[in-house]
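Colleague: Before we look at the coordinates together, I would like to learn how to read a few features in a careful order. Could you take me through them one by one?

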Amino acid sequence: MLNLIRGNLNAAQYRAASFRKDAVLQIVAGPGTGKTKTLVSRVAHLLEQGVPARGIVVTTFTNKAADELKERLGALLADSKTNFSLVKAGTFHSICYKLLQKHGDKVGLRPKFGVADDAQQVAHLKRVQKQLKTMEKQKKGKKTEADEEEPDTLSKSGSGSESEFSSLYSPFKMKSYISELKVNMTSDDSDDALRLYQKQLEMSNHIDFDDILTKTAELIRKHPEVVSEVETVLVDEFQDTNKIQMELVDLFSRHTPQRSITVIGDPDQSIYKFRFATERNFQEMRDMYPDTEVVFLTENYRSTDPILAIAEEVISQDASRYGGCGQSRKLVGHSDFAVTPELTKYANKYKEAVGVAETIRDLRKVTKNRLPLSSIAILCRTNRQASMFEEALVAGNTACYLAEGGANFWDKSHIRIVLNYLRCAYSDEDRSAFMEAMNNPRRRLSGKTAMLISQYLDDNYGGPNSVYDLLHDAAHRKGLLNITQPSFEGLRQFMDHIDHLRDLINSKEYYMDEVIEYLLDKVGLDEYITTMGVREKAYERLSEVGQISDRFSVITEAADNNLWDNEVSGDISEQLSPLGQFLNAQALRADNSGNAENGVIISTIHRAKGLEWPVVFVPNLLDGDLPMRMPDTDIDEERRLFFVALTRAKRLLYMSYSREGEPSTFITENVSALTSTPTWTTESVNMLLGSLGLEEIDEMGSKSKTNATPPGGFSGFTTASQLLKDKAKQSITRSAGFKRTSELDSELPATKKMSPVAAASIKSTTKRKSNAKGKAQSSIFSFTKNSTVPPAPEDRKGHSELLKTLPKGTEIKYREKVEK
């Protein structure tokens, strides 16, 4: 077996795998250095040295990792008579849970105890929340003058002031607070929140996930004989362990005459502080066991030397970086391919998203599509950042996969509600949008009322009035529909909201943020969306609604940069307003979504840990994004997160940021000096493809060329949209009393009386920047009932006649007087 292992491992890996059994061993394995292979070989060696399979405990970060370990162990021992099936491999929680199932009665657990899932935990905490509020009221009612001299306290754990006490009222904050107490072993039965929560669990015969670990630790302390068969403990991803897990490693190995512990991981990749994991466990382990041996794995089989050089430059900025026994931890690559990583600065974050999409398309073109989309990943700090790149790729007809359900973003019910309101504000004829939106949130429009409205629209279908006009009439003429007074008021309220949204869209350049704010605040979608599903995920739903504004900007920016190269939208996209481009993009989106097998992967950095791709983009490198700037931000952990992102790349690494803020503090001059813009040739493309085992090309493909149309069109040509604007401008000139359109640009005061709406239209037309991207295109005409240029007719027939006299495509908003 030793010879078999030696043939598959390098010198450092072999030394770690074949270390003596009775040792406390740390294997510090950098990214791409063969950590799993070394761990599997270490288990195989221990089995060959006579350690029974039942005596081996291997903890992994996920159950999937445990299954992979057993599979690889089986392949390695295929020709051996060693029985490995009884090795106890799994997560800390799965291993400990099985132990509690067998011996839980020894620590007070009742038969058939259950583990509370997230929803059940929240339900318990809601009841605790009510109890705490009652206790607070009782304390305030009994407070004496002596009490007022001392700050009111919640418990011995020090919740302190009333504001701190109130912060525990959120079930999510309480959950995190209680979890931290448990995993750090600082819990106190006198803490009210913890005590009441544990009582709720007990009443339901539940334990939570943290109890699985704490109860197991209690069990082994009181009855060490329950783990007497354990002879050695191995821990994968040791940098992701917390304090209670470190305690369990010690307890599992405590009863043996000579401790046998092997841990493997990389303190430079410790990025789960929010789960109370700490890279300090490496040093604390050496403090606990002074005779700890350390082996470093530094030969990297994943990334190129230029990528590793940048990663090393970034992580070496950490002055408190774990050094082990002082040995160098600099990673050494094994790839002959050596293209320097690229660092790009964009004008704004939306151009950055579109620029990344263009770069991906260029890579595909120069490689003649030999480079699979699934070999490319975009790694972002947050989900919100990731969503912008999804939209930019979809707009350019590039299949993509947003990890964790991003592909179904537009199908979510709360997102559809917002889209329906936007469709109502955009189109006069989108009947389904009006019917779906009018009773969201509830406006006392019963099923019977909906049927009457639907019949009314059916009866007038094909007539001169649009769906918007018909509903506007019904909302302001009480006798038109035979509906109740509350239903009539609800319909009028809905149409008034639509009118206000149209005002916002037609009168502002930067309107989407304000539209979303109006929908949440004034329309009432904030509260409605909060109560739509599981309330514990309300914040997530509202955050997704906020993403719509970013996606809107990316889509309209992409349209302006000619990324819309599909036949459906090609020629007419120029005539669409930004909102029209945005809404049409959603209709096209279903055909462009991809999956992890055939599309670009878009993921947060946390989800990408342990994975790798030939091509990696790391965008949004602004101070405040990476590193994030929060009160409790750990800059060293943010740096490690960046390090993890960089070391996912195998061959090509692209980094970028925008001018919207200061570059990340991690992008130092030394880091910038290690970057450049690659120049592709047929030879270099084939080197890339060859290093990945892909088919080479005879001649390099050409990159895409984006030729943006100059403001006003190309010389000698006039675009359709320009003609529309010119005609509308001439009409305003005549109605406002000017003789020439050039007078519209004059700074001199008008000598003729103008309506406020016409004046605002002219002002917005002359001052708006012609190259504004992703913003609203204000209508040239925006007449209301009070306008005098020209006067709006009092009847619907006159309204239709007015429409015929105006340039085709001109938007007119007609609002009839409402009788009080």
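Modeller: Keep in mind that this is a predicted model. Let us start with a helix: the buried residues of helix 14 pack against strand 9 (299-300), strand 10 (332-333), helix 27, strand 16 (649-658) and helix 28 (669-673).

Colleague: How many of the residues of helix 14 are buried, and which are they?

Modeller: The general idea is that an α-helix has 3.6 residues a turn, so residues three or four places apart point the same way. In this structure helix 14 is mostly covered, with eight of its eleven residues buried. The buried residues are Pro306, Ile307, Leu308, Ile310, Ala311, Glu312, Val314 and Ile315, and a charged residue, Glu312, is thus included among them.

Colleague: Which elements give two or more residues to the lining of the largest cavity, and what is the volume of that cavity?

Modeller: A search of the whole structure finds six cavities of 30 Å³ or more, and the largest has a volume of about 90 Å³. Fifteen is the count of its lining residues, written as 15 in the search, and of these the closest to its centre are Gly30, Asp268, Arg321, Arg329 and Leu331. The elements that give two or more residues to this lining are strand 1 (24-29), strand 8 (293-297) and helix 14 (305-315). By class, the lining has eight nonpolar, two polar and five charged residues.

Colleague: Turning to strands, which way do the side chains of strand 6 point, and are they buried or exposed?

Modeller: In a regular strand the side chains alternate between the two faces of the sheet. Strand 6 (residues 232-235) is a case of this kind, where Thr232 and Leu234 point one way while Val233 and Val235 point the other way, and all of them are buried.

Colleague: Which residues are the bridge partners of Val57 and of Val233 in strand 7?

Modeller: Strand 2 (residues 56-59) and strand 6 run parallel and are joined by four bridges, and Val57 has Val233 of strand 6 as its bridge partner. Strand 6 and strand 7 (residues 261-265) also run parallel, with three bridges between them, and in strand 7 the partner of Val233 is Ile261. Between these two strands the chain crosses from strand 6 through helix 12 (residues 243-253) to strand 7, in a β-α-β crossover that is right-handed.

Colleague: Where should I look for unusual backbone geometry?

Modeller: Most residues other than glycine have a negative phi, and most peptide bonds are trans. Against that background, a cis peptide bond joins Asn440 and Pro441, with omega about 0 degrees, and Pro441 lies in the loop between helix 18 (431-437) and helix 19 (447-459). The peptide bond from Leu626 to Pro627 is cis as well, with omega near 10 degrees, and Pro627 is found in the loop between strand 15 (613-618) and helix 27 (635-646).

Colleague: And what is the phi of Asn397, and is Asn620 buried or exposed?

Modeller: Asn397 is not a glycine, yet has a positive phi of about 60 degrees, and its place is in the loop between helix 16 (383-395) and strand 13 (400-402). Asn397 counts as partly exposed because its relative accessibility is 31%. Asn620 likewise has a positive phi of about 60 degrees although it is not a glycine, and it lies in the loop between strand 15 and helix 27. Asn620 is buried, because its relative accessible area is 3%, under the 20% cut-off.

Technical notes
Residues are numbered from 1 along each chain as its sequence is written. This is a predicted model: local features need pLDDT of at least 70, side-chain atom pairs count only at pLDDT 80 or more; totals for chains, interfaces and linings use all residues. Side-chain values use heavy atoms; hydrogens and water are left out. Buried means under 20% relative accessible area, exposed over 50%, partly exposed in between (1.4 Å probe, protein chains only). Two strands pair if DSSP finds at least two bridges between them. A crossover is right-handed if, with the strands pointing away from the viewer, the path from the first strand over the helix to the second runs clockwise. On a 1 Å grid over the protein atoms alone, a cavity is a set of points where a 1.4 Å probe fits but cannot get out, and a pocket is an open set with protein on both sides within 12 Å along at least five of seven lines; lining residues have an atom within 4 Å of a point. Grid points are joined across faces, edges and corners, and a volume is the space filled by probe spheres set on the points. Contact means heavy atoms within 4.5 Å.
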